[in-house]
Amino acid sequence: MSNNSEASHLNHSAADRKLAMKVDHVTKIFPVLKGSGAKTGDTFCVFKDVKFDVREGEFITMVGHSGCGKSTLLNIMAGFDKPSTGGIIVDGKEVTEPGLDRMVVFQSFALMPWLTCFDNVRVAVRSAHPDWSGPELDEHTQKYIDMMGLTGSEKKRPALLSGGMRQRVGIARAFCVNPKVLLLDEPFAQIDALTRGVIQEEMMAMWQRSNATVFMVTHDVDEAILLSDRIALMSNGPEAELAEIIDVNIPRPRTRQQMIESPEYSRVRNHILRFLISHQKQPGGSTEPAGKALTDSADESTNETPQKAEV
Ligand SMILES: Nc1ncnc2c1ncn2[C@@H]1O[C@H](COP(=O)(O)OP(=O)(O)OP(=O)(O)O)[C@@H](O)[C@H]1O
Ligand SMILES: [Mg+2]
């Protein structure tokens with residue numbers, strides 16, 4: 001396991017690649033909302049001094065308990081929110097606003113309800129390539145519709161699509177503009193388990209074909225291991241910190257079957273579960289001491305049948 005020093009975060013192949021995004025000592029402080037007994041001007045620090053690099057073509061996932069600030073950090077990366085201190089650098093430039101170089105897939109699908117499935121994707125292609133002709137836009141759009149298994153549903157509006165299909169449209173829309181960085185905030189959380197598995201695999205294939213750089217937030221530990229090159233673990237808020245980043249050395253292309261048979265899977269999964277157990281909130285608001293958690297069931301040497309592990 002690597003610790004939180006920048007050089008040791010990177011496995012060798014990733015370290016050789018160009019820098020895609022730098023999260024540079026980012027801290028976020030919010031005002032305390034009224035009605036919680038707060039005085040005007042009270043603030044709370046969600047997370048502090050988060051720093052890590054993402055290399056081109058890398059798939060990095062962030063896992064941590066609810067409220068530690070994962071979505072806040074992703075929104076800052078997307079340019080929807082601003083850091084209190086520090087900054088995000090993409091392609092050598094500081095992020096100050098949303099842009100087509102950073103496409104976001106939200107948990108809530110966020111499609112335009114008045115547009116068809118095809119047009120929801122086409123509108124993104126058009127904003128990235130305003131000089132393309134109609135047939136060029138159509139051809140590129142159709143390619144991504146087909147890749148995400150949406151062929152035949154082009155003319156349907158989002159209301160007529162299942163949750164899984166809506167999220168496929170969201171993923172096609174994000175990939176089709178070939179962004180520098182893709183930002184995914186729990187993209188599969190609202191999808192049933194069977195469909196989720198299929199879409200995860202489709203997305204993994206799309207990611208490998210496109211060599212995109214991905215930052216994803218998830219609560220699903222197996223999803224994180226299946227998809228990621230590295231997994232970033234956040235400690236609990238307030239004042240959450242990036243505790244460590246773990247390398248996932250399972251060969252690609254991966255299948256779920258290969259993953260669960262790999263000793264690396266057990267090692268990484270148990271390490272993450274230990275971390276999460278040791279940071280679990282107790283009824284009094286404290287976190288469970290790490291020493292106790294280490295005596296619990298998550299033993300790195302075991303290789304038992306996986307149970308669903310979500311934070
Ligand atoms: N605009 C805001 N103003 C004030 N507080 C906010 C704002 N946005 C988020 N917060 C607070 O910041 C903290 C982190 O929220 P965030 O949504 O980033 O957590 P998260 O790690 O994504 O949680 P979850 O896993 O439940 O999605 C929470 O305590 C939340 O209430
Ligand atoms: Mg969130």
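This passage describes the confidence, secondary structure, sheet and nonpolar core of a predicted protein model.

In this predicted model, local features require a pLDDT of at least 70 and side-chain atom pairs count only at pLDDT 80 or more, whereas totals for chains, interfaces and linings use all residues. Residues are numbered from 1 along each chain as its sequence is written. The mean pLDDT (the predictor's confidence in each residue, from 0 to 100) is 85, and 83% of the residues reach 70 or more. The pLDDT is below 50 over residues 1-12 and also over residues 288-306.

The protein contains 10 helices and 10 strands, taken as DSSP runs numbered from the N terminus (helices H or I, at least four residues; strands E, at least two). Six strands form an open sheet with mixed pairing in the order 6-7-8-3-9-10, where pairing requires at least two DSSP bridges between two strands. Strand 6 (102-105) and strand 10 (242-247) are the edge strands, each pairing on one side only. Within the sheet, strand 7 (residues 181-185) runs parallel to strand 8 (residues 213-217), to which 5 bridges join it. Val 181 stands opposite Thr 213 in strand 8.

Of the 311 residues, 38% count as buried, that is, with 20 or more other C-beta atoms, placed from the backbone, within 10 Å of their own. The largest nonpolar core (buried Ala, Val, Leu, Ile, Met, Phe, Trp, Tyr and Cys residues joined through C-beta atoms within 7 Å) has 78 residues. Helix 5 (residues 163-175) supplies the largest share of this core, 6 residues. Phe 215 is among the residues with the most contacts inside the core, contact being defined by C-beta atoms, placed from the backbone, within 7 Å. Not counting residues up to four places away in sequence, Phe 215 touches Val 54, Ile 60, Leu 74, Met 77, Val 181 and Leu 183.

Technical notes: Chains are lettered from A and ligands numbered from 1 in the order in which they are written. Two residues are in contact if their C-beta atoms, placed from the backbone, lie within 7 Å. A residue is buried if 20 or more other C-beta atoms lie within 10 Å of its own, exposed if 12 or fewer, and partly exposed in between; C-beta atoms are placed from the backbone.
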